[in-house]
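This report describes selected features of a protein model, from backbone geometry to helix packing. The sequence and structure are shown first.

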Amino acid sequence: MSAIINYNVIFMENQGMNRAVIFSPKKLVRVSIIAAVLNFVCIYNVPSEALAQADPFSIDRNRMVANDLIARDISDPAVLKAMGKVRRHLFVDKSLWNEAYADYPLPIGDGQTISQPYIVALMTQSLKLKKEDKVLEVGTGSGYQAAILAEIVQQVYSIEIVKTLAEKTGRLLPSLGYRNVKIKTGDGYRGWEEYAPFDAIIITCAVNHIPIPLVHQLREGGRIVLPLGDSSFFAQRLVLGTKKGGKFDLQHITGVRFVPMVGESEKKSSGRE
């Protein structure tokens, strides 16, 4: 059972530094409503598969949602519900379980990482997803982002260029009850034309341009969120694009640091084509 959290003053924990966040009365009301919904979801809306297993990290997960998401203006109820439900520790090596709900990336092997929870929530919230949406994810990685998406939308299609990661995640997600995620090994730059058009696309690796195939595979009015910039980590910005008239209206969200997309994107970026 989840712990009920006092939201009047929340302590933000970030790399060992604590600071108190004091909410205004208006914001406190909004946070309290979201918290009540979240606690209800965590207590009463747990799938039978999860009930069959002990979850020693439920308090850590609730604390993550409160401190790192709600306190930083993640307010979409569907996103908060998903972040409060999906067990992030199952997507990293067991040696990292005690760090799984800290707000920073963790290694998952093959030079890849699982993104920090706040960025996962921010990218997901930015897409303004609806239950009936069909989403393409470029960069499956550990499968954590795909699981969050799968809690919200009807169908997720995810592409991973690293075969070992694609195969591992392809086994993990069904074992956790996610039947609405389809994964393939391949170069995400080319997208997944077979299942296009998509209502939304999320790219979880840095590119210096939006791949043309993905532009074509996103429906008119669809949304794309991605880290745009080079591989130096110092010039990347998270952007939201809305497709209008076959082109993108881009909106800056925040600065980020992601590993670069490899494959065809890497060749185009270096001029090796």
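Is Asp110 buried, partly exposed or exposed? Asp110 is partly exposed, because its relative accessible area is 48%; buried means under 20% relative accessible area, exposed over 50%, and partly exposed in between, with a 1.4 Å probe and protein chains only.

The model is predicted: local features need pLDDT of at least 70 and side-chain atom pairs count only at pLDDT 80 or more, whereas totals for chains, interfaces and linings use all residues. Residues are numbered from 1 along each chain as its sequence is written, and side-chain values use heavy atoms, with hydrogens and water left out.

## Overall composition

The protein chain has nine helices and eleven strands. These elements are DSSP runs numbered from the N terminus, with helices (H or I) of at least four residues and strands (E) of at least two. Of the 273 residues in the protein chain, 48% are buried. Where contacts join residues at least 6 apart in sequence, 57% of them link residues at least 24 apart; contact means heavy atoms within 4.5 Å.

## Backbone geometry

Most residues other than glycine have a negative phi, and most peptide bonds are trans. Two residues with positive phi are listed below.

| Residue | Phi | Location |
|---|---|---|
| Asp110 | near 55° | loop between strand 3 (106-109) and strand 4 (112-114) |
| Lys128 | near 50° | loop between helix 5 and strand 5 (134-138) |

Lys128 counts as exposed, with 64% relative accessibility. A cis peptide bond, with omega about 0°, joins Ala196 and Pro197. Pro197 is placed in the loop between strand 7 (181-185) and strand 8 (198-203).

Strand 3 contains Pro107. Between Pro107 and Val92 there are 7.6 Å in space, C-alpha to C-alpha, although the two are 15 residues apart in sequence. When neighbours within four places in sequence are left aside, Pro107 is in contact with Leu96, Gln112 and Thr113.

## Packing of helix 3

Helix 3 (residues 58-69) packs with helix 4 (residues 77-85) at an angle of about 140°, and their axes are 8 Å apart. Helix 3 is therefore oblique to helix 4. Axes are lines fitted to C-alpha atoms, for helices over the stretch in contact, and angles run from 0 to 180 degrees between N-to-C directions. Angles under 35 degrees count as roughly parallel, over 145 as roughly antiparallel, 65 to 115 as roughly perpendicular and the rest as oblique. The crossing of helix 3 and helix 4 is right-handed; a crossing has this hand if the near helix is turned clockwise from the far one by less than a right angle, and is left-handed if anticlockwise.

On the helix 3 side, Arg61, Met64, Val65 and Leu69 meet Leu80, Met83, Gly84 and Lys85 of helix 4. The residues of this contact divide into five nonpolar, one polar and two charged. In this division, Ala, Val, Leu, Ile, Met, Phe, Trp, Tyr, Cys and Pro count as nonpolar, Asp, Glu, Lys and Arg as charged, and the others, Gly among them, as polar.

The axes of helix 3 and helix 5 (residues 117-126) come within 10 Å and cross at roughly 70°. These two helices are therefore roughly perpendicular to each other, and their crossing is right-handed. Met64, Asp68 and Leu69 of helix 3 make the contact with Pro117, Tyr118 and Ala121 of helix 5. This contact has five nonpolar residues, no polar ones and one charged.

## Enclosed helices

Ten of the ten residues of helix 5 are buried, so helix 5 is largely enclosed by the rest of the structure. Lys128, with its positive phi, follows helix 5. Helix 6 (residues 144-152) is also largely enclosed, because eight of its nine residues are buried. The buried residues of helix 6 are Tyr144, Gln145, Ala146, Ala147, Ile148, Leu149, Ala150 and Ile152.

## Aromatic residues

Rings of Phe, Tyr and Trp (its six-membered ring) pair if their centres lie within 6.5 Å; planes under 30 degrees apart count as stacked, over 60 as edge-to-face and the rest as tilted. By this rule the count comes to seven aromatic pairs. Among them, Trp192 and Tyr195 form an edge-to-face pair, at 5.3 Å centre to centre and with 85° between the planes. Tyr157, Trp192, Tyr195 and Phe198 form one aromatic cluster. Within this cluster, Trp192 is buried, with a relative accessible area of 6%.
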